[in-house]
Amino acid sequence: MTKTLVRAACPHDCPDTCAILVTVEDGVATEVKGDPDHPTTAGVLCTKVSRYIDRTYHPDRLLTPLRRVGRKGEGKFVPISWDDALDEIAARLKPIAARDPQAILPYSYCGTMGLVQGEAMAMRFFNRLGASFLDRTVCATAGFTGYKYTIGGSIGTDTEQFQDARLILVWGGNPIASNLHLWTRLQEAKRRGATLIAIDPYRSLTAEKCHQHIALMPGTDAALALGMMHVLVKEQLLDHDYIERHTIGFAQLKDRVAEWTPERTAATCGITVEEVVGLARTYGRTAQQGEPVAIRVNYGVQRVRGGGMAVRNIACLPALVGAWRHAAGGIQLSTSGSFPADKVALQRPDLLRGKLPRTINMNTIGDDLQREASPDFGPKIEAVIVYNANPLAIAPDSVQVQRGFEREDLFTVVLEHFLTDTADYADIVLPATTQLEHVDAHLSYGHLYMMANNAAIAPLGASKPNTEIFRLLAQRMGFDDPAFRETDEELAAKAFNNKDVRAIHFDWESLKRTGWQKLNMPAAPFAEGGFPTPSGKCEFYSSTMLADGLDPLPAYIPNYESAASSPALAARYPLAMISPPARNFLNSTFVNVQSLRATEGEPHLDIHPEDAAARGIADKEMVRIFNDRGAFVARARVTARARAGLVVGLSIWWKKLASDGKNANEVTSQRLTDMGRAPTFYDTLVQVEKVVA
Ligand SMILES: Nc1nc2c(c(=O)[nH]1)N[C@H]1C(S)=C(S)[C@@H](COP(=O)(O)OP(=O)(O)OC[C@H]3O[C@@H](n4cnc5c(=O)[nH]c(N)nc54)[C@H](O)[C@@H]3O)O[C@H]1N2
Ligand SMILES: Nc1nc2c(c(=O)[nH]1)N[C@H]1C(S)=C(S)[C@@H](COP(=O)(O)OP(=O)(O)OC[C@H]3O[C@@H](n4cnc5c(=O)[nH]c(N)nc54)[C@H](O)[C@@H]3O)O[C@H]1N2
Ligand code: SF4
Ligand SMILES: [Mo]
């Protein structure tokens, strides 16, 4: 028997990008373990990826190409050969491309975060084709944009420093579920005497373990940050020297926050005046004692109309109190901006040969699939190629998404591991390899290590890596550029740009052997200012925002859907609904792994006892959640974890594994955020009623 240990990296859309050791016995992967030597992984994988072997060898894995024989959505397919599948796809795409290649749309996100299996060969293919661009905005672009206006780029506090902070604000994130290895650091900080404060409408697994939990209403974080700044200014809890040297716009900021009294802030956020003042004082005073204060701001605050502004406002706080002076102080949204990923070398925009196709936003896929050709919109979408994504389950306003994908005249190809909700609508399904079966190079958005993934086993069945599928498609389409002959190893070797000083010389051959290598970032990136903004300072006032048609100062933009901004709607749909990640799923990935689904049980709706009583709903009863866009059912959990006025449906369920074939995205909307063209999943009003049997 041969037994080997292969160095791999977790491909999932999770900030932690763990280093994995795969045990392979006689060509079969038998165990995955966290690499004990990798500083952030520290030998631990989350429950989900500990089951990666189950997922890879799952009896439902797609092992051959399929052609649809039933109705769209019915999920009836017959196996076909690769040759037949590729011929059929080329035969369908060629006439569309001859008319206008923009009628072909790629739809992809982060099923794998790999720089190779993600967009490398895929974008080469779509660039050469001249297909529509996809605006990949389903997750992080609102906060990314708000943070960039203020700080200049996705650079922040190193995860490995958090244990030395004295005060940590966990703002709109639930690291126990979705950023486990940061939680390890936060627990260590707690042991060393730090105070942890969660700011979250929901009493999440994390919020209940923090010293304090401030349960504001969804979408009011921008106001809370303004109120905090009001108190910091009024009580002179400021680092004047840092403000003077490393920020611009303090005078204007001072005027702006003067309006945000603790009373107004508390009323806007649905919390008490004491909570507002207490939070600001704890933050400002801890900093003034010369102790590191850190903020982990996450995606929870961004999925509302003013999500970009919320992150912008929060990102102003560290500079005001001089928190950046400490390695363990400051703020972290994402570390991705620290990586010199070489997207130009990987994705080859030169293959566009001067074309500039139109862009389709992935959040409005529901409406856009149903749009006719027009001068504004361009050609009707005639073909969609889906990879690394499950839009039927994850895209907002699912009723419209389903209508779009149901179109008989739409040609749909899905590259997948499983027959997902989306694959059920495909004309052709192509079986893709998992992380154990292909090569990749990764950056991370939660730490500072470049990561390598070696293939541990041969592809199962007839499955192929995304890269290989796009190479074959390119061949069938007659694209003969050498760009389509590069191997995965050659692509991986181009993952990072060596001209950038932040990498300590990237060499794929050596990264493959070691598995990971830390970037060369300073421990306290902005201790001496040097922000990558146009002014080189932290921008309380942003001329770029003004030029982009936005308020140049921190502001509060209320939700589209709330009692204050849309009273008539709120009269019919009085409850705010959020649908954040469930611990045992990763977006909609892993929902079909039986052991993990068993732990989550079934779709639930957490509802406050007062809101439940007002509707005659008892614990464990089935309820219907609805608004003008749609409806779904879930089992009620009557609990004060959901604050009054809020309901919470942990997500993202496969629709076909729910009793009614629906999930939370039936009620979410396609409206976009203030900046970054991002989704507003948590800006949703609903009504809830008992299901009468
Ligand atoms: N287990 C697991 N891990 C994941 C994922 C997963 O699906 N499952 N998804 C991955 C992905 S794609 C992402 S983007 C990240 C997400 O990472 P996080 O942003 O950390 O997501 P959550 O863990 O849901 O934490 C969001 C928290 O924000 C709260 N929240 C909702 N609305 C608001 C609001 O308006 N204001 C504030 N302050 N809080 C609010 C929610 O109640 C929730 O507790 O996690 C990644 N990791
Ligand atoms: N209601 C609600 N909706 C949400 C969110 C929410 O909080 N609430 N969160 C949003 C967020 S933050 C995000 S990031 C999106 C996530 O949306 P998606 O990125 O679509 O994530 P998944 O649902 O996990 O789907 C990824 C799919 O890629 C497949 N896949 C994985 N690896 C490979 C591969 O190598 N090749 C191929 N071909 N396929 C592969 C997996 O099998 C899986 O089906 O969802 C968004 N939707
Ligand atoms: S999902 Fe996140 S925590 Fe789990 S193994 Fe992957 S990177 Fe690590
Ligand atoms: Mo995400």
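This note goes through a predicted model, point by point, for a colleague who is new to the structure.

1. Domains. The domain assignment divides the chain into domain 1 (3-56), domain 2 (66-139 + 357-518), domain 3 (142-333) and domain 4 (567-690), and domain 2 is written there as two stretches of sequence. Between the centres of domain 2 and domain 4, taken over C-alpha atoms, the separation is 29 Å, and the contact between them involves 26 residues from domain 2 and 21 residues from domain 4.

2. The largest nonpolar core. This core has 111 residues, and the members that touch the most others in it are F125, W171, Y283, L320 and F470. Helix α8 (residues 221-234) is the element that contributes the most, with nine residues, while domain 2 (66-139 + 357-518) and domain 3 (142-333) each supply at least three residues. As general background, nonpolar side chains in soluble globular proteins tend to be buried together.

3. Y283 and the second core. Leaving aside residues up to four places away in sequence, Y283 is in contact with L167, L169, M228, L232, V293, I295, L317, P318, V321 and A323. Apart from the core just described there is a second, separate one, made up of 48 residues, with M113, V384, A570 and L646 included in it.

4. The largest pocket. Its volume is about 1,200 Å³, and of the 39 residues that line the pocket, Y109, R136, F144, S336 and K343 are the closest to its centre. Three helices, α4 (120-129), α5 (141-151) and α14 (343-347), each provide at least two residues of this lining, and the largest share, four residues, belongs to α5. By class, the lining of the largest pocket consists of 17 nonpolar, 14 polar and eight charged residues. Domain 2 (66-139 + 357-518) and domain 3 (142-333) each give at least three residues to the lining of this pocket, and at least three residues from each of these two domains likewise enter the largest nonpolar core.

5. Cavities. Rolling a probe the size of a water molecule over the atoms shows where empty space is left. The model has five cavities of 30 Å³ or more, and the second largest of them holds about 70 Å³ of space. That second largest cavity is lined by P603, H604, F632, G649, L650, S651, I652, W653, K662, N663 and A664, a set that divides into six nonpolar, four polar and one charged residues.

6. A cis peptide bond in the cavity lining. S651 and I652, both of which appear in the lining of the second largest cavity, are joined by a cis peptide bond with omega at about 5 degrees. I652 lies in the loop between β26 (646-648) and β27 (685-690). For comparison, most residues other than glycine have a negative phi, and most peptide bonds are trans.

7. Positive phi values. Where does D26 lie in the chain? The position of D26 is in the loop between β2 (19-25) and β3 (28-34), and its phi is near 50 degrees, a positive value in a residue other than glycine. D26 counts as partly exposed because its relative accessibility is 49%. Q236, in the loop between α8 and α9 (240-246), also has a positive phi, near 55 degrees, and is likewise a residue other than glycine. With a relative accessible area of 42%, Q236 is therefore classed as partly exposed.

8. A189. Is A189 buried or exposed? A189 sits in helix α7 (residues 180-191) and counts as buried because its relative accessibility is 0%. A189 and D164 are 25 residues apart in sequence, yet their C-alpha atoms are 5.9 Å apart in space. Setting aside residues up to four places away in sequence, A189 touches F162, Q163, A165, I168 and A194.

9. R502. This residue belongs to the loop between α19 (488-492) and α20 (508-514), and R502 counts as partly exposed because its relative accessibility is 22%, the boundary for buried being under 20%. Although R502 and F339 are 163 residues apart along the chain, 7.2 Å separates their C-alpha atoms. F339 is also one of the residues that R502 touches; with residues up to four places away in sequence not counted, the contacts of R502 are G337, S338, F339, P340, L519, N520 and M521.

Conventions
Residues numbered from 1 in each chain as written. Chains lettered and ligands numbered in written order. Predicted model: local features only at pLDDT ≥ 70, side-chain atom pairs only at ≥ 80, totals over all residues. Heavy atoms only, no water. 1 Å grid on protein atoms, 1.4 Å probe; cavity = no way out; pocket = protein on both sides within 12 Å on 5 of 7 lines; lining within 4 Å. Points joined across faces, edges and corners; volume = space filled by probe spheres on them. Nonpolar A, V, L, I, M, F, W, Y, C, P; charged D, E, K, R; others polar. Core = buried A, V, L, I, M, F, W, Y, C linked by side-chain atoms within 4.5 Å. Buried < 20%, exposed > 50% of the residue type's maximum accessible area, 1.4 Å probe, protein only. Domains from an automatic or database assignment. Contact = heavy atoms within 4.5 Å.
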